[in-house]
Amino acid sequence: MSARILYQMVRADFLERVRRYSFLVTLAATLYLAYGVATEKVWIVVGNGYRGVYNSAWIGTLMSICCSTFLSLAGFYIVKNSVQRDVDTRVGQILAATPMRKDFYTVAKVLSNFSVLACMVMILMLAAVAMQFMLGESHSFSLWKLWSPFILLALPAMLLTASLAVLFETVPGLGGGFGNVVYFFVWTAAIAIGATGTDDPSGLQLLYRSSRAALLKIDPTDSQEFHFSLTIGGQHAVRTFPWNGIDWTGQVLFMRFFWIAIAIGLALAASLFFHRFDPARSWGKRRSAPTPAAAPAADPSQPSSLPTASVTAAHLTSLSRRAGGSRFIQLVISELRLMLKGQRWWWYAAAAGMVVGQLVSPDAQVRAGFLIAAWIWPLLLWSPMGCREARFATRSLIFSSEHSLSRQFPALWTAGVLVAILTGSGVGLHLLLAANWHSLAAWIAGALFIPSLALALGVWSTGSRAFEAIYTIWWYMGPAHQIPGLDFMGTTPASSSPMLYAILAGILLVAAYARRRQSLGYA
């Protein structure tokens with residue numbers, strides 16, 4: 001396959017993505033990230049409350065580190081749909097009829113993913129130039145020191161993210177919601193590589209070594225306990241020190257090219273799992289039922305007679321207005337059955353084990369740990385809420401049914417709430433018996449908030465990836481680390497905010513209702 005065909009595939013895929021509203025939202029979020037750096041909402045603190053002087057080297061490195069960390073997480077969920085989109089639009093069937101190789105296709109998809117992420121990096125590169133003049137702490141300007149961290153730190157990280165997105169789409173079991181959750185922990189492990197002293201993909205270890213060497217020259221007292229943190233909010237740095245950038249030695253460049261080679265290897269490895277849009281070659285696909293034998297062909301020399309069909313008038317019975325008046329409970333049960341459909345016995349066994357652990361644990365912190373695990377376990381049950389109709393092309397059927405908005409919509413939300421209550425029932429029962437009303441209110445608010453968030457994101461995004469990504473990150477930062485304001489489960493009294501999340505649940509439910517009502521007008 002020629003380079004011209006590769007270019008046309010990447011260009012067509014890129015243009016299709018940049019014409020979406022989601023791309024504009026991502027660009028707005030990228031610009032907000034640049035605004036956060038410019039207004040010191042995001043900064044790096046080194047040593048005993050130090051940060052670098054806002055010169056070209058420090059600004060460029062700070063913004064590129066934000067790219068290689070935050071954008072490598074959000075960007076994965078943005079670009080992880082390129083292969084599935086070809087399946088949904090049936091473009092894959094056309095491509096399967098061509099002599100295109102599997103490795104050529106996966107490389108093209110990686111490059112199209114990379115082009116979207118690189119576009120956001122370029123916007124931050126331009127924002128870095130404006131930030132240099134806005135802050136005005138240093139009058140010297142060096143375009144190489146400003147942009148080299150983007151080129152050598154951020155872009156390789158974006159290429160690695162683009163390759164992982166294609167790999168996850170092609171590996172069996174990782175193309176759906178489970179893969180979205182797994183990637184978050186893969187991303188966390190990749191960031192943690194820097195703590196071991198190895199040059200991680202984000203470049204945090206490089207900045208740590210370089211900034212420490214520069215700071216020890218002016219403040220040797222920090223040699224014993226040297227702190228380094230990328231901070232959002234919290235305590236500001238109170239002192240500055242001059243820093244002239246990372247020394248791009250041969251060893252440093254080798255490690256950056258090493259990560260690029262890893263990304264290329266992942267792109268080629270994805271082709272090993274790629275089924276090339278052939279359902280018969282799909283991994284883990286069950287054997288279909290045998291096709292019934294075709295009827296013997298009729299002899300063309302013999303005259304054939306067509307059966308005569310009689311036409312009768314159809315008489316439809318009138319719809320009884322009282323028939324569906326008291327079937328809300330049955331509708332909730334039906335929605336609950338749809339949520340649980342396809343779950344294996346071990347899923348129920350794990351959920352029951354977590355409930356039992358909540359009931360028998362005497363310590364409140366242990367029960368909170370079981371609750372944290374119990375409310376991440378049904379994530380793939382909540383994520384299809386509000387978008388199942390779009391996924392299975394049943395929007396016209398459901399939206400045209402009577403009282404779809406007043407019955408099916410609240411039944412879906414109620415089923416999601418029941419899943420949260422049942423999986424966290426052990427903690428709720430303990431709080432009720434102990435008359436711990438504040439913690440019980442936080443537990444109830446969490447049980448209402450989770451399905452409300454899933455329903456709102458599903459209705460507005462018509463997909464499950466938004467909830468799977470946002471909820472996993474929120475769950476990890478809030479309840480798992482008991483951060484006040486983010487702990488929607490109320491794992492500790494100090495970090496719980498029951499009133500806040502009860503109000504948020506109501507706002508999200510109203511937003512989902514408004515969007516569904518708008519969709520019914522176009523159904």
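# Notebook: salt bridges, helices and cysteines

I began with helix H1 (residues 3-18), where Asp-13 and Arg-17 sit four residues apart, about one turn of the helix. The model I am reading is a predicted one. I checked the pair for a salt bridge and found it, with the closest N and O atoms 3.6 Å apart. Are Asp-13 and Arg-17 buried or exposed? Both are buried. I then followed the pair outward. Asp-13 and Arg-17 belong to a network of salt bridges that also takes in Glu-16, Arg-85, Asp-86 and Lys-109.

**Overall count**

I stepped back to the whole chain. I get 21 helices and four strands. The chain has 523 residues, and 44% of them count as buried. I looked at contacts with a separation of 6 or more; 78% of these join residues 24 or more positions apart. The exposed area comes to about 27,600 Å². Carbon and sulfur atoms supply 65% of that area.

**More salt bridges**

How many salt bridges does the structure hold? I count nine. I looked up two beyond H1.

The first joins Asp-199 and Arg-209, at 2.9 Å from N to O. Asp-199 lies in the loop between helix H8 (177-192) and helix H9 (204-218), while Arg-209 is in H9, so the bridge ties together parts 10 residues apart in sequence. I compared the burial of the two partners. Asp-199 is buried, at 8% relative accessibility. Arg-209 is partly exposed, at 34%.

The second joins Glu-335 and Arg-388, at 3.4 Å from N to O. This pair links distant parts of the chain, with Glu-335 in helix H11 and Arg-388 in helix H15, 53 residues apart. Glu-335 has 6% relative accessibility and counts as buried. Arg-388 is buried too, at 15%.

**Helix H11**

Glu-335 sent me to H11. The helix runs over residues 328-340, 13 residues in all. I checked its length. At 1.5 Å a residue it should span 18 Å, and its end C-alpha atoms are 18 Å apart, which agrees. Which residues of H11 are buried? They are Val-332, Glu-335, Leu-336 and Met-339. Seen down the helix axis, these buried residues fall within an arc of 100 degrees, so they line one face of H11.

I asked next what covers the buried residues of H11. The cover includes helix H14 (379-382), helix H15 (388-391) and helix H17 (404-423). H15 is also where Arg-388, the salt-bridge partner of Glu-335, is found. After H11 comes Gly-342, and I noted its positive phi, near 95 degrees.

**Helix H19**

I moved on to H19, residues 437-461. It has 25 residues and reaches 36 Å from first C-alpha to last, close to the 36 Å expected. Of the 25 residues, 18 are buried, so the rest of the structure largely encloses this helix. I looked at what comes just after H19. Thr-462 takes a positive phi there, about 50 degrees.

**Thr-472**

I picked out Thr-472, which is found in helix H20 (residues 465-477). Its relative accessible area is 0%, so it counts as buried. What does Thr-472 touch, leaving aside residues up to four places away in sequence? I list Val-181, Phe-184, Leu-379 and Phe-467. Leu-379 falls in H14, one of the helices that also cover the buried residues of H11.

**Cysteines**

Last, I searched the whole structure for disulfides and found zero. A disulfide is a covalent bond between the sulfur atoms of two cysteines. I looked at Cys-66 and Cys-67, neighbours by number. Why is there no bond from Cys-66 to Cys-67? The sulfur of Cys-67 is the closest cysteine sulfur to that of Cys-66, but at 7.3 Å it is too far for a bond. The cut-off I used is 2.5 Å between the sulfur atoms. I ran the check from the other side. For Cys-67 the closest cysteine sulfur is in Cys-66, again 7.3 Å away and too far.

I also checked burial for the two cysteines. Cys-66 is buried, at 1% relative accessibility. Cys-67 is buried as well, at 0%.

How values were computed:
Residues are numbered from 1 along each chain as its sequence is written. This is a predicted model: local features need pLDDT of at least 70, side-chain atom pairs count only at pLDDT 80 or more; totals for chains, interfaces and linings use all residues. Side-chain values use heavy atoms; hydrogens and water are left out. Helices (H or I, at least four residues) and strands (E, at least two) are DSSP runs, numbered from the N terminus. The expected span of a helix is 1.5 Å times one less than its number of residues. Buried means under 20% relative accessible area, exposed over 50%, partly exposed in between (1.4 Å probe, protein chains only). Contact means heavy atoms within 4.5 Å. Accessible areas come from the Shrake-Rupley method with a 1.4 Å probe; for residues, only the protein chains shown count as cover. The arc is that of the directions from the helix axis to the C-beta atoms. A salt bridge is a side-chain nitrogen of Lys or Arg within 4 Å of a carboxyl oxygen of Asp or Glu.
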